[in-house]
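Me: I'm in my first year and still learning to read protein models. Could you take me closely through one part of this one, the sheet and what packs on it?

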Amino acid sequence: MTTEAIKISEGGEITAVILLAPDANAQTCHAASMLAKYLQRSTSGQIFHFITTDLHIPHEKKRIYVGVMDPDIKLNAESALDGLGDDGFVIYPQGNSISIIGNTSWGTEFGVLEFLERYVGVCWLMPGPDGEEVPHHTDISIPIVIIRDTPQSISRHFFGTDKPVTSSEWARRNRMHDTIQFHHNMSELFDPEIYADHAEYYPDGVLPNHPDNWQPIMNDTTANAAIQRIITYFEMNPDKISYSLGINDSQNYCEANPAHPLYTGKINSIGYLDMSDVYYPWINKIVAGVTEKFPDKYFGLLAYWNVYDPPTSVKLHPRIVPYITDDRMSWIDPVKRQEGHNHTERWKKAADHLAFYEYLYGTPYCVPRVYIHRMAENYKYARDANVIAHVAELFPNFGEGPKPWISAKLQWNPGLDVEDLLSQWYIRTVGIKAAPYLREYFEYWECFWETRIFKTKWYRKWADSAIRFNFLDLFDSSYLQAVTDDDMAKSRRLMEKVVLHAETDAQKKRAHLLMSTFEYYEDSVLSYMRNNSIPCPINNREAVELLLDNSHKVSIAERRLRGLKVPQGDPILVPPSDLFSFDGVWIWRGTERALSSCFAQWLKHTSDPERFIQQLKQYGSNEEQTDLRNYARFMLAELDHGENLLNNNSICFGPATNTPKETIKWDWSENALTKIRTGICRLQEVRLEPGCYGVVIRLNVTEEMALDATINWYYQIANDRDEIVDYVITGRIPLLTGKGDEITLEAMFEIASDKCRVPLAFQVYEIKPDEQLDLEIAHIAVYKLN
C-alpha cells in the first residue's frame, strides 16, 4: 500500500519506534539516541528503541531503521548506496518504515542529521545549548521520497573546534569529519627516540634536541625506514585510511645547504628556498612502497612554506593528497585570485587529488572577518578543481555569525545557494523581525573586508612582500586603523535593533550573546591606537579633553583585558586560543598614544601651565573614577616630577652598567620563516608592593634608519615563588626612525600580591636582516599611583 507520507508524530504523540541491528556499534547507537533526543524535544512525546530481532515491537507503530535496512526494501536500499562513499547515506521511506543508513557508521550518523534538519527543522547554528534551534511540532510527516546524499569532499575539518566539547559537538553536528591525516608529522615518523641509533637520518648527522625544528634527510635509506614504519602503523590500525607525510614546521633541511648535491638554489613563489623537487620525489618513493601492501590508503601532506609549489621533476603518486595552504580571502583581490588559480592549476597537473588548507580566522581578528560570498565562490572553484578535502584554521569566537556554519555546509555541498543559507541562519538565529538588522550588520563588515581592507597599508605590506606568509598578517592589528568610530556606532545601532526585535526566549538569548561578541569588537577598536600621532592641544580645554578621552580608552582597554583573562563560560563567547601568546600581539592598554610627551610639549608653550597641573591634581583626587584618577596621577608624576622609584638604581644591560643616554644593548631572536628579527632590551628588575603603577621610557633616535618596525613594553610580573602572575604588554606602536625622533612608551599596571618582581623590558619587532637600530635611553621612570 502506497501513501503520500509516513506520519511519525501526531498531536504531539510520536507514532514510531527506532530499530537497531543486534550488533549495532557505539556510533550507530549514538546516532539513534540523537534521533530520539531531538524528536522528543520537538514533540514532547516519547519514542522507544528496539532491536530488529525483538519479538515485542509494537505492530501499530511506524518503524525507523537506523544503520540497518527494512528487510522488505533491502535490495533497493543497498543499490541506492552504491557510489556514495564512506560518508554518504540513504533515507529510504516505504510503506510504514523509514531506513536511515550509510555505507559506514559515519554515513548513518550523517543520515540521521539530515533527517533531523530536513524533516524536524533542527539546526545547530552555534555551539552549546543556546546555539541549537529545535522547532516545536505536533505532527511530523515524512514524504515518500528517497534521499541520497554524499559530501563533495571526503575530509572536512576546522582547527579550533576540538575544545571545548560543545564546539567539537557543534562541528560534528554540522558533518565535519577529519579522515585524511596531513599535518606536520616528520617528528613522529622519524621520532629521534625510535631512531636513536641513526643520527645519519637527521641534518648534520646529529640527533635533534628540538622537537620539530628539523626535517629528516631525504634519501633512499630514510624512505625505506619510513615505508616499514608506516606499514607497521597500518597493520596495527587497520581502520585508519590515511597517514600524514607533512613536513615539520621548519626550514632546517640538510638539502638546503649549498654544498649538498640536491641543493637547487631555486626560490619559490612566496619567496623561500624551493625544496619541492627534493621532497616530493622522496615522498613518492615512500608511498609507492607502502601502497604495495596497502593500495587504498591516502597520504596527506602540506604544500606549505618551502614545498608550497608543485614539483617540476615528478608527478605525485595518485594516493597522495597535497593540502595547498592559502588565505583565500586574498582572492577578493583580482591579482591574488589569478595568482591563486594559476598556482592551483599547476598543482592539478602535478597531482590527481588536491586539498585546500584555509586560514579562515576567526579569532584573533578584532572585528568580524566576514567574506561569505567570496568564500562560497572559493568552494565552488575547489569543486571544479577536483579538491577532495578541506581543512581550515578557523578558531571561531562566533562573533562572525553565519561564517562557520555556512563554511561547513559548503564543504559538504558547494552547490548550495549561499543567499538561502544566509537567510536561514539569520531567521533561525534571531527571528524574522530581527533578522534584517543582523544581516545588515554582517553585510556591513563583509563590505569592509571585501573593499576597504585592500586599500590599507596592512594589506599592501603583505601582498607586495617578496617573502610572505601563506596567510594574511593576523599578527599585525593595524588593519584597525581603517575602522572608524562611525563604523562602530552604526554596528552598535544595528545590534541594539537585533536585541530589541528578537522574539522568543531562545532568539533573545542568541541576540544577547551576539551583542556580547560585538562589544568585544567594540572594546578592541575603541581602545586601539588608530592614529599614530596626537595633535598637540592649543588650549587648556583641548588638553583636558585629550586627557579625558585617553583615560576613557584606558578604561575600555582594561575592560577588554579582564574579559580576555577571565572569559565567559558560554562556548559562543569563549576565545578558543590564547590571545596573550605570540608576544601579546593582540593586547593593548589604551596608553599607547603616550600623552605625557604631548602634554610636556604643550606646557612648554602655554602661558598658564599651572592651570592644567591643578586640573590634573583635581582629577587625581577623584576616588570615584579610579581609571581617570590613576591616569591623571600618572601624567602628573611625569609632568610635575613625581617620585621615580628608579632614582636610586642604575639600569643594567648584561655585564655592563650604563646610565641613561648610553646606547642600548639588545638580545636578538630570529624568525626562521622570514629571517626577521625581534630585539629585546632588558632593563632593571624592580620589586614592588601591591598597588597601581605607571612606567614610562623615552628613547631617542640617533641616526636616520627608515625602518618599518614597531615597539612595545613587554614584561612579566612574578611573585616570590617565581610564578608568573601577570603580563604588562602594550600594543605595538610604529618605531619612528628619523634622526632626532623621540619614542615614548607608557603603561599602567596593577600589583596584586606582595613581593612581586618586575623585570622591565621593551621589544622591537620586524627588523629585517640588513637593518640596524640606533637608539638611546633618554628617560625611564616607575611611579606608584596610589
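Reply: Happy to! Let's begin with one idea: two strands count as paired if DSSP finds at least two bridges between them. Keep in mind, too, that this is a predicted model.

Now look for strand β22, residues 691-701. Nine bridges join β22 to β28, and these two strands run antiparallel. To see one such bridge for yourself, find Y693, whose bridge partner in β28 is K784.

Next, step back to the whole sheet. It is an open sheet of three strands, ordered β26-β22-β28, with antiparallel pairing. At the edges are β26 (742-751) and β28 (775-784), each of which pairs on one side only. From one strand to the next, the twist averages 15°. As background, strands of a sheet pair through backbone hydrogen bonds, and the pairing can be parallel or antiparallel.

With the strands in place, we can add the helices. Helix α17, made of residues 595-605, packs on the sheet and touches β22 and β26. The direction of α17 makes about 125° with that of β26. Then there is helix α19, residues 626-639, which lies across β22, β26 and β28. Helix α19 runs at about 135° to β26.

So which strands should you keep in view as you turn the model? For α17, look at β22 and β26; for α19, look at β22, β26 and β28. A good way to trace the picture is to start at Y693 and its partner K784, follow the strand order β26-β22-β28, and finally bring in α17 and α19.

Definitions and conventions: Residues numbered from 1 in each chain as written. Predicted model: local features only at pLDDT ≥ 70, side-chain atom pairs only at ≥ 80, totals over all residues. Heavy atoms only, no water. Helix = DSSP H or I, 4+ residues; strand = E, 2+ residues; numbered from the N terminus. Axes fitted to C-alpha atoms, helices over the stretch in contact; angles between N-to-C directions. Contact = heavy atoms within 4.5 Å.
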